[in-house]
Amino acid sequence: MEDSWHQLKPKTGFTVRVNGRISDLSWQTLTQLYQPIMGPSAVGLFSALFWLPSPGTYQRHTTLLAVLGLDLEHFYDARIRLEATGLLTTKVTTQDELTGFVYELHAPLAPAAFFKDDLLSVQLLGVVGEEMYQQLVTTNVPRLATMPNEKDITKNFLEVFHVDGQELNELPAAITTGRQRLTEATPTPVLSTDTEPGFDFKLLGEILEHSFIDTRAVQANRQLLLTEHVTYGLDEVTMARYVGEATDLATNKFDTETFKRIVAQHFGQPRRTTVPITDKSKPVESTIGTTTSAEQALIKVATTTAPAVFLQAIKQKNGGFVTDGEQRIVRDLVSRQLFSEAVLNLMIYHVLVDEDKPTLNKNLLDTIANDWSKAKVDTPQLAIQKIRERQRAASQPRKSRNRQPTVKETLPDWAKKPAAAATTSTAKLSTEQQQRLQERIAKLKENRESGKED
């Protein structure tokens, strides 16, 4: 079954499972740490699935849509956000030609584990900013202060309980069997990037070997480096420089939080870009089914450039800058994993260059993204085709529904030729009537003349 909200129907059935124990701390973590990343709709969906009456029974999506006040499109958007953050596993079932879904909820990570996760922590930092991020760390991972006059006299396990050493050497069968069952259980989903990284860790290691940096510490944070590469398109040389800035000279310790902050700060600084962007004075147009040289050049750049860098190149070419809101919009599009980086870049190009918008508009991008998702746009060539269709539709004259029909006023015959009206009326008099009229006129003249003589 295709993974798209267009395949969902209100009458499609589903069941809910809960994997793990969701405590009060889980709800606090969900609200404070996950919600800034996913949005309130995704948190609402998690809550609705958890508190749904009779979760193990087969129910219809109509129930969820009514509870959440969402349509299928926004429901699907909330669902994939839960999936992307590891809070939901979605499985599809088919029986008697009927399709259904199984929604398996997973407990949110503990705050300490959340902040140690590279993908989640980087995403949260980008959304809330450094100051709020540090406040959330302090609030959710408090450190207990120890007074100088305190002495720890806590007893350990073996000081309180007697354990047979033989049983520790040879564990009972019940324990080994139970552990095997736990191992075979379905593990909690691990966040990962399925995109081909295209990053040469060997080259990075060779660069760092000539510095004071402990390469073993960097290797331990391989996933963090890969995450930053995918998000910002950092090359090996730039990555090595940022790693050096985040390493303490005195201890050779690589600080991951400092590294994340440095990357975000450097990206926000204005700098000259080397990404060749097609001049907007030369619109990308061609006949259907072919691509011009300008389009081919644009596709090549869009395929080899990270979306955030591509956006920054366009803004700098136009004399602008990337706003915090635009960074969030691009990050949101990337996190949905609906399109490749090339397709996303062409979407950004179309809005800023073809339509000459000063900034990215979330509503407009969502509209285009929904249209392209429905049309299964998965290559830059198809994206170019959709751009042409949109341009053709925009160039056609719009017919206003409120335009009133033109009223053609027609003058009556008597108003068109007023001078001829008297002649026509006179012509309609009979001979006898004309003679009487002439006699009256002559008599009036005679009386007038006689009056003058007196």
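**Predicted structure of a 24-helix protein**

Isoleucine 314 is buried, as its relative accessibility is 1% (buried means under 20% relative accessible area, exposed over 50%, and partly exposed in between, with a 1.4 Å probe and protein chains only). This residue is part of helix 17, which spans residues 307-317; helices (H or I, at least four residues) and strands (E, at least two) are DSSP runs numbered from the N terminus. Between the C-alpha atoms of isoleucine 314 and leucine 352 the separation is 7.7 Å, although these positions lie 38 residues apart along the chain in numbering.

The model is predicted, so local features need pLDDT of at least 70 and side-chain atom pairs count only at pLDDT 80 or more, while totals for chains, interfaces and linings use all residues. Residues are numbered from 1 along each chain as its sequence is written, and side-chain values use heavy atoms, with hydrogens and water left out.

The mean pLDDT of the protein is 77, and 77% of the residues score at least 70; pLDDT is the predictor's confidence in each residue, from 0 to 100. Among the elements, helix 2 (residues 40-51) has the highest mean pLDDT, 93, and helix 23 (residues 418-427) the lowest, 47. Over residues 419-427 the pLDDT is below 50, and this stretch has one contact in the model beyond near neighbours in sequence (contact means heavy atoms within 4.5 Å). Residues 186-190 also stay under 50, and for them the model has six contacts beyond four places in sequence. Where pLDDT is low, the predicted coordinates should not be read in detail.

Overall, the protein contains 24 helices and four strands. Of its 454 residues, 34% count as buried. Among contacts between residues at least 6 apart in sequence, 70% join residues at least 24 apart.

Two packed helices are described by the angle between their axes and the distance between the axes. The axes of helix 1 (residues 24-38) and helix 6 (residues 118-128) come within 9 Å and cross at roughly 75 degrees. Here axes are lines fitted to C-alpha atoms, for helices over the stretch in contact, and angles run from 0 to 180 degrees between N-to-C directions. Helix 1 and helix 6 are therefore roughly perpendicular (65 to 115 degrees; under 35 counts as roughly parallel, over 145 as roughly antiparallel and the rest as oblique). On the side of helix 1 the contact involves Leu33, Tyr34, Pro36 and Ile37, which meet Leu120, Gln123, Leu124, Val127 and Val128 of helix 6. Eight of these residues are nonpolar, one is polar and none is charged; Ala, Val, Leu, Ile, Met, Phe, Trp, Tyr, Cys and Pro count as nonpolar, Asp, Glu, Lys and Arg as charged, and the others, Gly among them, as polar.

The structure holds 11 aromatic pairs. Rings of Phe, Tyr and Trp (its six-membered ring) pair if their centres lie within 6.5 Å, and planes under 30 degrees apart count as stacked, over 60 as edge-to-face and the rest as tilted. In one pair, the ring centres of tyrosine 34 and phenylalanine 114 are 5.1 Å apart and the planes stand at 70 degrees, so the arrangement is edge-to-face. Because tyrosine 34 lies in helix 1 and phenylalanine 114 in helix 5 (residues 111-116), this pair ties together parts that are 80 residues apart in sequence. Tyrosine 34 is buried at a relative accessible area of 1%, and phenylalanine 114 is buried at 0%. Phenylalanine 50 and tryptophan 51 are also edge-to-face, with ring centres 4.9 Å apart and planes at 90 degrees. Phenylalanine 50 is partly exposed at 22% relative accessibility, whereas tryptophan 51 is exposed at 58%. One aromatic cluster is formed by Phe14, Phe75, Phe101 and Tyr103.Threonine 93 belongs to strand 3 (residues 88-95) and is partly exposed, with a relative accessible area of 35%. Not counting residues up to four places away in sequence, threonine 93 touches Leu98, Thr99, Gly100, Phe101 and Val102. The C-alpha atoms of threonine 93 and glycine 13 are separated by 9.8 Å, and the two residues are 80 apart along the chain.

Most residues other than glycine have a negative phi, and most peptide bonds are trans. Aspartate 356 has a positive phi, near 55 degrees; this residue is found in the loop between helix 19 (341-354) and helix 20 (362-374) and is partly exposed at 48% relative accessibility. Lysine 376 also has a positive phi, near 60 degrees. The loop between helix 20 and helix 21 (380-395) holds lysine 376, which is partly exposed at 49% relative accessibility.
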